[in-house]
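Biologist: Can you walk me through a few spots in this model? Short answers are fine.

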Amino acid sequence: MAYPVVDAPYGLQPVNLIGGQVFAGSTREYPITNGYSTSIFYGDYVGLSRGEIVRLSVSTGTAGNQTGIFLGCSFTNPVTKQKQFQQFWPASTAAGDAVAIVSDDPDAVFKGVVCSATTVIASGARAMIGQNLSMINNTGSSASGNSRNAILAPTSTPATTSSLPVRVLGLVTDTAVSRGTATYTSISTATVTCSALPFALPIGTDVGSLDSNGQYISSGSFVDTAASAGATSFILNQAPATAFGASSTLVFMQYPEILVKINFGQHQYYAGTSIA
């Protein structure tokens, strides 16, 4: 079975809970202010203001303000007077009974798309697991109702900043894309010289090599700067943990989707100070 190509970010989607807890997809309903003037899309971050849901613009973190992820809403349509369930909240809707459906479990595991900027698809990597990452705040799509927020691919040494909004838990292998192989020539600091790359390498591409017995060896590094197809060198975020063997085969794998959770201290349930 072929999995669909990941061609755009969609915010964050809950898929599990940490610690082997049973995941039932439970949500909580919160009120939305009548006429709230900002559209909220499925997969967007939300918080509370005076007890009602507001969209949060999350990039480098909003300590203690995150209530969870928006998963749709319901309200009485001001034109038809009928109860309406919708993927997104249309800005300025005049509805006094509007309710947001929110995934607010602080232990929820979410799936999201990694981008290098705005909506440019990048990659996750093994070396990112356990790191804290930033988000990219994009405007959602009123056509699909989905968020277009993305996880920002790092381009440096491991990110440990505690204020960043998400912690990486794993990679989504179902939608992984092989970017081919190349023959290793040499390395200078973190710049690797090799045979011509068969495909372009987006930022974050996971890099490994094959041992003499054909077993995979993780480098503990990823592509720091996007490289074009046919290029004979590329830059890693840092030197590999295990040196590449002479003339070894380099293996490139792109993981457009990764698993994350809201970082400790970012979710309102894990913050000692209450929301004003």
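Modeller: We'll take some strands, the cysteines and one aspartate in turn. Keep in mind that this is a predicted model.

Biologist: Start with strand E15. Which side chains are buried there?

Modeller: Val 192 and Cys 194 are buried, and they point to one face. Thr 191 and Thr 193 point to the other face and are not buried. In a regular strand, side chains alternate between the two faces of the sheet.

Biologist: What does E15 pair with over four bridges?

Modeller: Strand E14, residues 177-188. The sense is antiparallel. Tyr 184 has Cys 194 in E15 as its bridge partner.

Biologist: How many residues sit between the strands in the hairpin of E14 and E15?

Modeller: Two. Thr 189 in that hairpin takes a positive phi near 60°.

Biologist: And how does E15 pair with E18?

Modeller: Antiparallel, over three bridges. E18 covers residues 233-235. Thr 191 stands opposite Ile 235 there.

Biologist: Back to cysteines. How many disulfides turn up?

Modeller: Zero, in a search of the whole structure.

Biologist: What about Cys 73, buried or exposed?

Modeller: Buried. Its relative accessibility is 1%, and the cut-off for buried is under 20%. Cys 115 is at 0%, so that one counts as buried too.

Biologist: New topic. How many residues of E16 are buried?

Modeller: Four of its five, so the strand is mostly covered, by the under 20% cut-off. E16 runs over residues 206-210.

Biologist: Which strand does E16 pair with over five bridges?

Modeller: E17, residues 216-222, in the antiparallel sense. Ser 209 stands opposite Ile 217. The two strands form a hairpin with five residues between them. Gly 214 in the turn has a positive phi of about 90°.

Biologist: And which one over four bridges?

Modeller: E19, residues 249-254, also antiparallel. Gly 208 stands opposite Val 251 in that strand.

Biologist: Last one, Asp 107. Where is it?

Modeller: In the loop between strands E7 and E8. Asp 107 is buried.

Biologist: Why does Lys 261 not make a salt bridge with Asp 107?

Modeller: Lys 261 is the nearest side chain of opposite charge, but it is 4.8 Å away. A salt bridge needs the nitrogen within 4 Å of a carboxyl oxygen, so this pair does not count.

Biologist: What is Asp 107 in contact with, leaving aside neighbours within four places in sequence?

Modeller: Asn 16, Leu 17, Ile 18, Gln 21, Lys 261 and Tyr 270.

Definitions and conventions: Residues are numbered from 1 along each chain as its sequence is written. This is a predicted model: local features need pLDDT of at least 70, side-chain atom pairs count only at pLDDT 80 or more; totals for chains, interfaces and linings use all residues. Side-chain values use heavy atoms; hydrogens and water are left out. Buried means under 20% relative accessible area, exposed over 50%, partly exposed in between (1.4 Å probe, protein chains only). Two strands pair if DSSP finds at least two bridges between them. A disulfide is a pair of cysteine sulfur atoms within 2.5 Å. Lys and Arg count as positive and Asp and Glu as negative; His and the chain ends are not counted. Contact means heavy atoms within 4.5 Å.
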